[in-house]
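Colleague: I am new to reading protein models, and I would love some help with this one. Could we go through it together, one question at a time?

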Amino acid sequence: MENNGFTEKDWKLFRKKIAGWQEAYMDRLNRSYIDLLSEDKEASEKFWDLSKRITEDKKRTGVQLEMSRSKLIINIISLIMDEVISFDDLEEFSDDLQETIKQIIDFGKKSSS
């Protein structure tokens, strides 16, 4: 059964993989925060830089997202655009889902040039 460019199997696979993808992304964020805090700057400057980064990062799909079938495609595109995952991470998903994602991303690239 296909729905909007993906299958039920795709939805189940996404639900299985998202926690691991987000954990890996947040681990990268944490390492970048450590780097930020290790910079040779005033403590207050590091504090406010970190506060700003965390506020921005909390809004990314790599940290939190709305889990619903209707948002599957947009969530995957956001994950790719935010460099949480790459297109290669979709190899286990259906060809239909991969093609849908590729077409949308390609269209976005053409529209922005």
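Colleague: Let's start with a single residue: is Ile34 buried or exposed?

Modeller: Happy to help, and please keep in mind that this is a predicted model. Ile34 sits in helix H1. Its relative accessible area is 52%, and the cut-off for calling a residue exposed is over 50%. Ile34 is therefore exposed.

Colleague: How far is Ile34 from Leu50, C-alpha to C-alpha?

Modeller: Along the chain, Ile34 and Leu50 are 16 residues apart. Leu50 belongs to helix H2, on the side of the contact that meets H1. In space, the C-alpha atoms of Ile34 and Leu50 are separated by 9.5 Å.

Colleague: How are H1 and H2 oriented to each other, roughly parallel or roughly antiparallel?

Modeller: The axes of H1 and H2, which spans residues 43–57, come within 10 Å. They cross at roughly 160°, and the crossing is right-handed. An angle over 145 degrees counts as roughly antiparallel, so H1 and H2 are roughly antiparallel.

Colleague: How many charged residues does the contact of H1 with H2 have?

Modeller: From H1, the residues are Leu29, Ser32, Tyr33, Leu36 and Leu37. They meet Lys46, Asp49, Leu50, Arg53, Ile54 and Asp57 in H2. By class, this contact has 6 nonpolar residues and 1 polar, and the number of charged ones is 4.

Colleague: Now the other pair: what is the orientation of H3 to H4?

Modeller: H3 covers residues 72–81 and H4 covers residues 95–112. Their axes come within 10 Å and cross at roughly 60°. That angle makes the orientation of H3 to H4 oblique.

Colleague: How many nonpolar residues are in the contact of H3 with H4?

Modeller: On the H3 side are Leu72, Ile73, Ile76, Ile77 and Ile80. They meet Leu97, Thr100, Ile101, Ile104 and Ile105 in H4. No residue of this contact is charged and 1 is polar, while the nonpolar count is 9.

Colleague: Which helix supplies the largest share of the largest nonpolar core?

Modeller: In soluble globular proteins, nonpolar side chains tend to be buried together. Here the largest nonpolar core has 24 residues, and those with the most contacts inside it include Phe14, Trp21 and Ile76. H1, H3 and H4 each supply at least two residues of this core. The largest share, 9 residues, comes from H1.

Colleague: Trp21 caught my eye; which residues is it in contact with, leaving aside neighbours within four places in sequence?

Modeller: Trp21 is among the residues with the most contacts inside the core. Once the sequence neighbours are set aside, the contacts of Trp21 are Phe14, Leu79, Val84, Ile85, Asp89, Leu90 and Phe93.

Colleague: And Asp10, is it buried or exposed?

Modeller: Asp10 is found in H1, and beyond its neighbours within four places in sequence it is in contact with Phe93, Ser94 and Leu97. Asp10 and Ser94 are 84 residues apart in sequence, yet 6.5 Å apart in space, C-alpha to C-alpha. The relative accessibility of Asp10 is 2%, and the cut-off for buried is under 20%. Asp10 therefore counts as buried.

Colleague: One last thing: what is the value of phi near which Glu83 lies?

Modeller: Glu83 lies in the loop between H3 and H4, and it is exposed, with a relative accessible area of 61%. Most residues other than glycine have a negative phi. Glu83 has a positive phi, near 60°.

Key:
Residues are numbered from 1 along each chain as its sequence is written. This is a predicted model: local features need pLDDT of at least 70, side-chain atom pairs count only at pLDDT 80 or more; totals for chains, interfaces and linings use all residues. Side-chain values use heavy atoms; hydrogens and water are left out. Axes are lines fitted to C-alpha atoms, for helices over the stretch in contact, and angles run from 0 to 180 degrees between N-to-C directions. Helices (H or I, at least four residues) and strands (E, at least two) are DSSP runs, numbered from the N terminus. Angles under 35 degrees count as roughly parallel, over 145 as roughly antiparallel, 65 to 115 as roughly perpendicular and the rest as oblique. Contact means heavy atoms within 4.5 Å. Ala, Val, Leu, Ile, Met, Phe, Trp, Tyr, Cys and Pro count as nonpolar, Asp, Glu, Lys and Arg as charged, and the others, Gly among them, as polar. A nonpolar core is a set of buried Ala, Val, Leu, Ile, Met, Phe, Trp, Tyr and Cys residues joined through side-chain atoms within 4.5 Å. Buried means under 20% relative accessible area, exposed over 50%, partly exposed in between (1.4 Å probe, protein chains only). A crossing is left-handed if the near helix is turned anticlockwise from the far one by less than a right angle, and right-handed if clockwise.
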